[in-house]
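Here are a few exercises to work through with the model open in your viewer. Try each task before you read its solution.

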Amino acid sequence: MRIAVTGRQGQLAMALSERAPHDMAIIPCGRPDLDLTQPETVYRCLQAVAPDLVISAAAYTGVDRAESEPDLAYAVNREGAAAVAQSVAALGIPLIHISTDYVFEGTKSEPYDEDDPPLPLGVYGASKLAGERVVRATTANHAILRTAWVYSPFGRNFLKTMLRLAKDRPTLRVVCDQVGSPTSALDLADGVLAVARNLLQRPREEDLRGTFHMTGAGIASWADFAAEIVAAAGRHGGPGAAIERIASSDYPTAAHRPANSILSNAKLGRVHGVYLPDWHQSTNTVVRWLIAADTLLEEDA
Ligand SMILES: NC(=O)C1=CN([C@@H]2O[C@H](COP(=O)(O)OP(=O)(O)OC[C@H]3O[C@@H](n4cnc5c(N)ncnc54)[C@H](OP(=O)(O)O)[C@@H]3O)[C@@H](O)[C@H]2O)C=CC1
Ligand SMILES: Cc1cn([C@H]2C[C@H](O)[C@@H](COP(=O)(O)OP(=O)(O)O[C@H]3O[C@@H](C)C(=O)[C@@H](O)[C@H]3O)O2)c(=O)[nH]c1=O
Ligand SMILES: [Mg+2]
């Protein structure tokens with residue numbers, strides 16, 4: 001199976017290359033060959049790659065930056081998604097499109113289901129929701145997978161920020177009134193590839209198509225997640241720090257974020273038979289990986 005993935009250095013794109021089994025070839029497609037802000041490059045690139053399926057992993061992911069760059073956020077997350085969706089429709093192949101918990105307002109007291117009404121609080125979430133809508137309107141042969149709080153050894157993420165800050169500071173101030181499910185990009189890659197296999201092997205099953213939630217098992221506040229990150233760092237000889245639990249009102253940011261980001265993964269399990277592991281163990285795995293890599297770098301120097 002040939003699988004084209006948009007984005008080269010993105011967390012999920014890197015994790016997909018890392019985790020793909022031998023019968024799946026991952027072909028990363030990125031700038032300048034495939035630029036989501038240049039729609040004509042998208043079809044040209046995907047047609048040349050001639051994949052069996054496309055995973056749309058590239059996106060504008062700067063949540064705070066998007067508030068002051070809405071045009072670019074929409075160009076990538078809506079128009080770029082449209083270009084990918086039109087290309088897969090023309091090629092007659094399935095699409096896996098990745099979306100986010102930030103399409104929700106976060107006021108529900110229970111985990112969000114796929115058919116709960118979205119109401120994004122910021123530009124990033126609104127642009128991603130616009131991308132979902134254009135995918136649904138363009139090709140029926142899709143799975144939209146909403147994930148959340150992605151961390152990995154690659155790219156930029158909260159886990160790496162915490163390890164970096166812990167090197168310089170005795171105390172990290174972290175919000176405790178936003179809850180969600182931290183999701184390792186490596187676990188996410190396994191889940192996405194399992195869905196890809198289902199879509200390719202069962203082309204006529206409509207139930208496998210549509211919108212699904214896919215996050216790590218278990219829940220945490222950002223402060224809980226930070227505490228687990230520094231605890232894992234302590235176990236593996238990394239930097240230590242105390243976590244001060246604060247309210248979102250004491251950590252002003254350009255974008256508002258949902259208080260409840262918890263997504264129900266029940267439909268994904270029932271329909272696709274996919275279950276991601278609990279975030280605690282995966283956090284430990286990623287922290288250990290990063291500290292080992294850092295130690296190697298220091299030995300090189
Ligand atoms: N990170 C998170 O916490 C979450 C992410 N998501 C969604 O999951 C998906 C994967 O996220 P993640 O891997 O973390 O993203 P990253 O921010 O790590 O990577 C984004 C990727 O998008 C690429 N990209 C940005 N602009 C363009 C463009 N104009 N043309 C082509 N490529 C572009 C980047 O390219 P380059 O390699 O050149 O830099 C990069 O590879 C995204 O759809 C995101 O919205 C959903 C929930 C949580
Ligand atoms: C760095 C830092 C952040 N925070 C807060 C700010 C924010 O409310 C929360 C998370 O901050 P971040 O900016 O790292 O995370 P953020 O960019 O909001 O992460 C989001 O990214 C997009 C792409 C998604 O799709 C979401 O699922 C989610 O993962 O933690 C602290 O309280 N203390 C800190 O030192
Ligand atoms: Mg951020």
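Before the first exercise, a word on axes: they are lines fitted to C-alpha atoms, for helices over the stretch in contact, and angles run from 0 to 180 degrees between N-to-C directions. Keep in mind that this is a predicted model.

**Exercise 1.** Work out how helix 1 and helix 6 are oriented to each other, and which residues make their contact.

*Solution.*
Step 1: get the angle. The axes of helix 1 and helix 6 come within 8 Å, and they cross at roughly 70°.
Step 2: classify it. Angles of 65 to 115 degrees count as roughly perpendicular, so helix 1 and helix 6 are roughly perpendicular to each other.
Step 3: add the handedness, which is right-handed for this crossing.
Step 4: list who touches whom. Helix 1 brings Gln11, Leu12, Ala15, Leu16, Glu18 and Arg19, while helix 6 brings Ala185, Leu186, Leu188, Ala189, Asp190, Val192 and Leu193.
Step 5: sort that contact of helix 1 with helix 6 by class, and you get 9 nonpolar, 1 polar and 3 charged residues.

**Exercise 2.** Stay with helix 1: find its buried residues and what covers them.

*Solution.*
Step 1: run along residues 11–19 and pick out the buried ones, namely Gln11, Leu12, Ala13, Met14, Ala15 and Leu16.
Step 2: look at the cover over the buried residues of helix 1. It includes helix 6 (185–201), along with strand 1 (2–6), strand 2 (25–29), strand 3 (53–56), strand 4 (95–100) and strand 6 (150–151).

**Exercise 3.** Do the same orientation analysis for helix 3 and helix 4.

*Solution.*
Step 1: the axes of helix 3 (residues 70–91) and helix 4 (residues 123–138) come within 8 Å and cross at roughly 15°.
Step 2: angles under 35 degrees count as roughly parallel, so helix 3 is roughly parallel to helix 4.
Step 3: the crossing of helix 3 with helix 4 is right-handed.
Step 4: on the helix 3 side, the contact residues include Pro70, Ala73, Tyr74 and Asn77, and on the helix 4 side they include Val123, Tyr124, Ser127 and Lys128.
Step 5: by class, the contact of helix 3 with helix 4 has 12 nonpolar, 5 polar and 2 charged residues.

**Exercise 4.** Describe the shells around ligand 1 and ligand 2.

*Solution.*
Step 1: ligand 1 is surrounded by 28 residues, and the closest are Gly7, Gln9, Gly10, Ala58 and Ala59.
Step 2: helix 1 and strand 4 are the elements that give two or more residues to the shell around ligand 1, and helix 1 gives the most, with 3 residues.
Step 3: by class, the shell around ligand 1 has 13 nonpolar, 11 polar and 4 charged residues.
Step 4: ligand 2 has 19 residues around it, of which Thr61, Val63, Thr100, Phe158 and Val175 come nearest.
Step 5: helix 5 (158–168) and strand 7 (171–175) are the elements that give two or more residues to the shell around ligand 2. Strand 7 provides the largest share of that shell, 4 residues.
Step 6: the shell around ligand 2 divides into 11 nonpolar, 5 polar and 3 charged residues.

**Exercise 5.** Hunt for backbone oddities: a cis peptide bond and two positive phi values outside glycine.

*Solution.*
Step 1: recall the background. Most residues other than glycine have a negative phi, and most peptide bonds are trans.
Step 2: the peptide bond from Arg31 to Pro32 is cis, with omega near 0°. Pro32 lies in the loop between strand 2 and helix 2 (39–49).
Step 3: Ala50 has a positive phi of about 50° and sits in the loop between helix 2 and strand 3.
Step 4: Trp149 also has a positive phi, near 50°, and is found in the loop between strand 5 (142–147) and strand 6.
Step 5: which of these is buried and which exposed? Ala50 is exposed, because 11 other C-beta atoms lie within 10 Å. Trp149 is buried, because 23 other C-beta atoms lie within 10 Å.

**Exercise 6.** Place Asp101 and decide whether this residue is buried or exposed.

*Solution.*
Step 1: Asp101 lies in the loop between strand 4 and helix 4.
Step 2: Asp101 has 24 C-beta neighbours inside 10 Å and therefore counts as buried.
Step 3: leaving out residues up to four places away in sequence, Asp101 touches Arg146, Ala148, Gly180, Pro258, Ser261 and Leu263.

Notes. Residues numbered from 1 in each chain as written. Chains lettered and ligands numbered in written order. Predicted model: local features only at pLDDT ≥ 70, side-chain atom pairs only at ≥ 80, totals over all residues. Near = placed C-beta within 6 Å. Nonpolar A, V, L, I, M, F, W, Y, C, P; charged D, E, K, R; others polar. Buried ≥ 20, exposed ≤ 12 C-beta atoms within 10 Å, placed from the backbone. Contact = placed C-beta atoms within 7 Å. Parallel < 35°, antiparallel > 145°, perpendicular 65-115°, else oblique. Left-handed = near helix turned anticlockwise from the far one by under 90°.
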